[in-house]
Amino acid sequence: MTSRLRHLTTLEHLPRECIERLLDRAIAMRDACAHGTRKLDLLRGRTVLNLFFEPSTRTRTSFELAARRLGADVVNFDIGFSSTSKGEELYDTLHTLEAMHLDAIVVRHKQSGTPEELVRHAMSGVSVINAGDGNRAHPTQGLLDALTIRQHRPDFENLVVTICGDIRHSRVARSDVHALSALGTGEIRLCGPAPLMPDPAEFPNCRFYDDFDAAIEGANVAIMLRLQKERMASTDLPDEAAYFARYGLDVRRLARAAKGCLVMHPGPINRGIEIATEVADGAQSRILEQVGNGVFVRMAVLGEVLAR
Ligand code: CP
């Protein structure tokens, strides 16, 4: 039995048992709250702060819903209207907010390593949950992606999972690989144009491809990624039509995958750039299921780190 997590900053090095416990707990949360129609009081009297320094639709909203469904109070810190715009430093903001009493901080930041920095600098017993830092980690996305796959294909050791797109700048790809590796996935393929691929030494368990037709051949799961333009130099931006022709998931390419291949994307999706509309909205798409699972996974993580 692995010990309870106090913080969740990355899935890297988390044992399989711990990841499975969080996925099991997500399903238990889903059932206990009857898909969100019944509120629980597990975290009554606790306060969760959403501290997002980068935009978000799915992650921020689902953390808020998750905390409220567990009975916690939620504060959404609005960076644009905060004293950050007057030059207040991150740690002064942290200590100011801590002084008002918080139990958990959910943080997203463009700088990789910010969640660990907050863990080191926090003065109170506050728990820190990473909602995405730079290109480094997005652990709750890794968990919800693993949960979505497990609901359809629990036999991870038999699966070929292809992750295609801007792997180099993707915190989702990193957390997905950490979760999938821990769960014993048979084969993980990473595919993208050379400038958007990471150093292979960072992913010793993965096979690298630059030809998407080859990478998707026989795959059971295809995870498509957005071009992270906000993390690229303007000179590195690929031509979008040429990119879609080589790396976009369309009906023809999906036919090369294994029968029933799950189509996934963390969102936001860019139709006609990394995925065709017919595929994003098609019968094999699990994209909205991923979004729904995000709430249950975040309930599980909040329940884990804030359990008394
Ligand atoms: N997948 C994801 O992190 O989406 P948001 O940026 O909308 O939170």
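**Exercise 1. Find what the ligand's oxygen atoms meet at Thr 57 and Arg 58, and then list the ligand's surroundings.**

*Solution.* Start with polar contacts, that is, pairs of N or O atoms within 3.5 Å. A polar backbone atom of Thr 57 sits 2.8 Å from an oxygen atom of the ligand. Next door, a backbone N or O atom of Arg 58 is 2.9 Å from a ligand oxygen. Now try nitrogen: a ligand nitrogen atom has a backbone N or O atom of Gly 267 at 3.3 Å.

Then widen the search to residues with a heavy atom within 4 Å of the ligand. That set is Ser 56, Thr 57, Arg 58, Thr 59, Arg 108, His 138, Gln 141, Pro 266 and Gly 267.

Keep in mind that this is a predicted model, where local features need pLDDT of at least 70 and side-chain atom pairs pLDDT 80 or more, while totals for chains, interfaces and linings use all residues. Numbering runs from 1 along each chain as its sequence is written, and side-chain values use heavy atoms, without hydrogens or water.

**Exercise 2. Work out how domain 1 and domain 2 sit relative to each other.**

*Solution.* Take the bounds from the automatic or database domain assignment: domain 1 is 16–137 + 291–306, and domain 2 is 139–290. Their C-alpha centres are 26 Å apart. For contacts, use heavy atoms within 4.5 Å: 30 residues of domain 1 touch 28 residues of domain 2.

**Exercise 3. Pick out the residues that touch the most other members of the largest nonpolar core.**

*Solution.* Such a core joins buried Ala, Val, Leu, Ile, Met, Phe, Trp, Tyr and Cys residues through side-chain atoms within 4.5 Å, with buried meaning under 20% relative accessible area (1.4 Å probe, protein chains only). The largest core has 61 residues, and the top-touching ones are Val 48, Leu 143, Ile 163, Leu 190, Met 299 and Leu 302. Helix α11 contributes the most, 9 residues. Each of the two domains supplies at least three.

Zoom in on Val 48: beyond its neighbours within four places in sequence, its contacts include Ala 67, Val 106, Leu 302 and Leu 306. A separate second core of 26 residues includes Val 160, Leu 196, Met 224 and Ile 275.

**Exercise 4. Describe α1 and its cover.**

*Solution.* Helices are DSSP runs of H or I, at least four residues, numbered from the N terminus. Helix α1 covers residues 16–32 and spans 24 Å from first C-alpha to last. Its buried residues include Cys 18, Leu 22 and Arg 30. Among the elements covering them are α5, α6 and α11. Just past the helix, Ala 34 has a positive phi of about 50 degrees.

Conventions:
Helix = DSSP H or I, 4+ residues; strand = E, 2+ residues; numbered from the N terminus. Expected span 1.5 Å × (residues − 1). Buried < 20%, exposed > 50% of the residue type's maximum accessible area, 1.4 Å probe, protein only. Polar contact = N/O pair within 3.5 Å; in protein donor to acceptor, adjacent residues only side chain to side chain.
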